[in-house]
Amino acid sequence: MKALTRRMAVIGVAVAGVALAAAGFAAAANTPSKQTSATATGQASAQSQPGRTGGNGETPLTGDTAQKVKDAAQAAVPGGTVERVSNDTDGVSGAVYEAHATKADGTRVELQFDKDYKVLATNADNGPAHKAG
């Protein structure tokens, strides 16, 4: 009888251990990793904070200037989508502003504008995609 009781106790402990381990795996599968969570938070913060600079020192445009650059970019890529507009810090061809857009055919481009919102250059945009903000 003692052996049977001991065997039942060992089986009970093993079953409880398996159940706890399964619950732990299920909880881990439903919890985002710290890296994923931090990345999502960083992206949301960058998109929701006008004036925050990007990694290359560009500052998102706001107000009338942002609207004028968006309008000029939209005119340059009819049927496309303007994703974001910012100041241009790389000094290429005297550009003051830039816009990142996706053409109607899905091609992503970076448009560079002078101070009068005239297109100076259109380049392939191979950087990460950004949602309109």
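The side chains of Lys115 and Asp116 meet in a salt bridge, with N and O 3.5 Å apart. A salt bridge here is a side-chain nitrogen of Lys or Arg within 4 Å of a carboxyl oxygen of Asp or Glu. Both Asp116 and Lys115 are exposed. Exposed means over 50% relative accessible area, buried means under 20%, and partly exposed lies in between (1.4 Å probe, protein chains only). The model is predicted: local features need pLDDT of at least 70, side-chain atom pairs count only at pLDDT 80 or more, and totals for chains, interfaces and linings use all residues. Residues are numbered from 1 along each chain as its sequence is written, and side-chain values use heavy atoms, with hydrogens and water left out.

**Salt bridges**

- The whole structure holds three salt bridges.
- Arg84 pairs with Glu58, and their closest N and O atoms are 3.6 Å apart.
- This pair links distant parts of the chain, 26 residues apart: Arg84 sits in strand β1, Glu58 in the loop between α2 (34-48) and α3.
- Glu58 is buried, at 8% relative accessible area.
- Arg84 counts as partly exposed, because its relative accessibility is 26%.
- Asp125 bridges to Arg108, with 3.7 Å between the closest N and O atoms.
- Here too the pair links distant parts of the chain: Arg108 lies in strand β3, Asp125 in the segment after β4 (119-124), 17 residues apart.
- Asp125 is buried, with a relative accessible area of 10%.

**Overall fold**

- The chain has three helices and four strands.
- Helices (H or I, at least four residues) and strands (E, at least two) are DSSP runs, numbered from the N terminus.
- Along the sequence, the order is α-α-α-β-β-β-β.
- Of the 133 residues in the chain, 21% are buried.
- Contact means heavy atoms within 4.5 Å.
- Among contacts in the chain with a separation of 6 or more, 35% join residues 24 or more positions apart.
- The exposed surface of the chain is about 8900 Å², and carbon and sulfur atoms supply 59% of it.
- Accessible areas come from the Shrake-Rupley method with a 1.4 Å probe; for residues, only the protein chains shown count as cover.

**Nonpolar core**

- A nonpolar core is a set of buried Ala, Val, Leu, Ile, Met, Phe, Trp, Tyr and Cys residues joined through side-chain atoms within 4.5 Å.
- The largest such core has 14 residues, and Val69, Val85, Ala99, Leu111 and Phe113 touch the most other members.
- Two or more residues each come from α3 (63-76), β1 (81-87), β2 (97-102) and β3 (108-113).
- Helix α3 gives the most to this core, with four residues.
- Phe113 belongs to strand β3.
- Phe113 counts as buried, because its relative accessibility is 0%.
- Beyond its neighbours within four places in sequence, Phe113 contacts residues including Val69, Ala72, Ala73, Ala99 and Val119.
- The C-alpha atoms of Phe113 and Asn87 are separated by 9.4 Å, with their positions 26 residues apart along the chain.
- Leaving aside neighbours within four places in sequence, the contacts of Leu111 include Ala73, Ala76, Val77, Ala99 and Val119.

**Helix α3**

- The 14 residues of α3 should span 20 Å at 1.5 Å a residue, and the end C-alpha atoms are 20 Å apart, which agrees.
- That expected span is 1.5 Å times one less than the number of residues in the helix.
- Ala66, Val69, Ala72 and Ala73 are the buried residues of α3.
- Seen down the axis of α3, the buried residues fall within an arc of 130°, so they line one face of the helix.
- The arc is that of the directions from the helix axis to the C-beta atoms.
- Gly63, Asp64 and Ala75 are exposed on the other side of α3.
- Cover for the buried residues of α3 includes β1, β2 and β3.

**Thr102 and Lys103**

- Thr102 is in strand β2.
- Thr102 is buried, at 18% relative accessible area.
- Not counting residues up to four places away in sequence, Thr102 touches Gly80, Thr81, Glu83, Thr107 and Arg108.
- Lys103 is in the loop between β2 and β3.
- Lys103 counts as partly exposed, because its relative accessibility is 35%.
- Outside its neighbours within four places in sequence, Lys103 is in contact with Val77, Gly80 and Val109.
- Lys103 and Val77 are 26 residues apart in sequence, yet 5.7 Å apart in space, C-alpha to C-alpha.
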